[in-house]
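This report walks through one protein model, from its overall make-up to single residues. Please keep the sequence and the structure in view while reading.

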Amino acid sequence: MPHGSPFSFLAGYTRPVMRENDITRHFGVLIPSTNTTVEIECRLLPASYQAHVGRLKSSGTGSFSPSRDEDIDYQSRLLGTARVEMVILAQTSASLHADDYDDVVTKRMSSGAGVPAITSAQAVGRAVRALGARRIAIVSPYSEAVNERAARYFEKKHGLATVALEGFGATDAYAIGKLGPQNARDAFARIDRPEIEAFVVPGGNFPTMPSVVAWEREFKKPVVTTNQASIWAMLRAFNSADRLPAFGRLLAEVPPDA
C-alpha cells in the first residue's frame, strides 16, 4: 500500500473469518464509475456477506449528478442474474436532485434485479432515526451548495434537523477517494456542539468506516456514513444476527427502523 494512501489505516486489519456453517448472503451495489472506495469498504465485511458491484456512468447534468438511467437498468439486470437478494445505490448525492428520485430509482433497480432496492441516502436517513437522533451535523466532501441540498433532503424525507454543515468543497468525484479521514475528524472538532445528536458523513467515495469507532469515542455521539448505513440496511433486510462493532455504534447494535 503506497505511503500516504487514504487506506493506510487498514494496515494490520484482519477480515472476520467465515465460520464453517455460515450461509453466504449476496447483495448488489451500484456505484458511480469514479468510485474507488465502496468495494474496499465492502471487503471489510465477514466473508459470509458478498457484495457484487455494478458501475454507472454519470448523466453529466451537473456536479455529482445522478447516473444514467440506462446504466442503472442494465447493471440492475446483471446483478439479478447473480441472484443477489437486494440492491443498494451507493450514490448519496444523486438522491438530492429531485424530490421523487429515491422512489423512481429504487423502482428501476427492483424491476431490473427482481429484488428489493434502497438508496444510500434513504439508508443514512433511516439509520440516523434508528439510533434515536433527530438533530444532526453534516460533514462531507461536497460543496456548500450540495450540503445545503442534503440538509433539505434529510429534513423533508426523514425529519432530521441539520444544526451544522461542513464541506470540503470537492468538485472532482474521483478526488474524494484520495481524502483522508482526518478531514472529517477536524471538521467534527470545528463544529461540535451539545445539540448535535449525530454526525452524518455522506459520500460513498470518502474512506471512513474504520475511523468511525475512534470518532465516536472522541466526540461521544454516533457517526453515520454512506457505506456504513448501506451495510446496516443490508443487515436489517437480511434479518441478520451479526454485529460489527469495529465500525461504530450503528453496526454494533444494528437497531431496527424507528
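## Overall make-up

Long-range contacts dominate this predicted model. Take the contacts between residues at least 6 apart in sequence: 73% of them join residues at least 24 apart. The protein has 258 residues, and 52% of them count as buried. Its secondary structure comprises 10 helices and 8 strands.

## Nonpolar cores

The largest nonpolar core holds 64 residues. Within this core, F27, F154, F188 and M234 touch the most other members. M234 shows what such a position reaches. Beyond its neighbours within four places in sequence, M234 contacts F27, L45, Y49, M86 and I88. F27 thus appears twice: as a partner of M234 and among the core members with the most contacts inside the core.

A second core lies apart from the largest one. It has 13 residues, including L56, I72, V84 and A113.

## Helix 2 against helix 3

Helix 2 spans residues 69–81, and helix 3 spans residues 101–113. Their axes come within 7 Å and cross at roughly 40°. Angles from 35 to 65 degrees fall outside the parallel and perpendicular classes, so helix 2 is oblique to helix 3. The crossing is right-handed.

Helix 2 contributes D69, I72, D73, S76, R77 and G80 to the contact. Helix 3 contributes Y101, V105, R108, M109, G112 and A113. Two of these contact residues, I72 and A113, also belong to the 13-residue core.

## S67, ahead of helix 2

S67 sits in the loop that runs from strand 2 (49–56) to helix 2 (69–81). Is S67 buried or exposed? Its relative accessibility is 4%, so S67 counts as buried, the cut-off being under 20%.

The side chain of S67 makes a polar contact of 2.9 Å with that of Q91. Setting aside neighbours within four places in sequence, S67 contacts L56, K57, S58, S59, I72, Q91 and Y101. Among these partners, I72 and Y101 also take part in the contact between helix 2 and helix 3. L56 and I72 are members of the 13-residue core.

## Helix 4 against helix 9

Helix 4 (residues 120–130) is mostly covered, with 9 of its 11 residues buried. The buried residues are S120, A121, Q122, A123, V124, G125, A127, V128 and A130. Just after this helix, G132 adopts a positive phi of about 85°.

Helix 4 packs on helix 9 (residues 226–237). The angle is about 80°, and the axes are 8 Å apart. An angle of 65 to 115 degrees counts as roughly perpendicular, so helix 4 is roughly perpendicular to helix 9. On helix 4, the contact is made by S120, A123, V124, R126, A127 and A130. On helix 9, it is made by T226, A229, S230, W232 and A233.

## T226, in helix 9

T226 lies in helix 9. Its relative accessible area is 0%, so T226 is buried. What does T226 touch, not counting residues up to four places away in sequence? Its partners are T92, S120, V124, V201, P202, G203 and G204. Of these, S120 and V124 are also buried residues of helix 4.

T226 and N205 are 21 residues apart in sequence. In space, their C-alpha atoms are 8.8 Å apart.

Notes. Residues are numbered from 1 along each chain as its sequence is written. This is a predicted model: local features need pLDDT of at least 70, side-chain atom pairs count only at pLDDT 80 or more; totals for chains, interfaces and linings use all residues. Side-chain values use heavy atoms; hydrogens and water are left out. A nonpolar core is a set of buried Ala, Val, Leu, Ile, Met, Phe, Trp, Tyr and Cys residues joined through side-chain atoms within 4.5 Å. Buried means under 20% relative accessible area, exposed over 50%, partly exposed in between (1.4 Å probe, protein chains only). Contact means heavy atoms within 4.5 Å. Helices (H or I, at least four residues) and strands (E, at least two) are DSSP runs, numbered from the N terminus. A polar contact is a pair of N or O atoms within 3.5 Å; within protein, one must be able to donate a hydrogen and the other to accept it, and residues adjacent in sequence count only if both atoms are side-chain atoms. Axes are lines fitted to C-alpha atoms, for helices over the stretch in contact, and angles run from 0 to 180 degrees between N-to-C directions. Angles under 35 degrees count as roughly parallel, over 145 as roughly antiparallel, 65 to 115 as roughly perpendicular and the rest as oblique. A crossing is left-handed if the near helix is turned anticlockwise from the far one by less than a right angle, and right-handed if clockwise.
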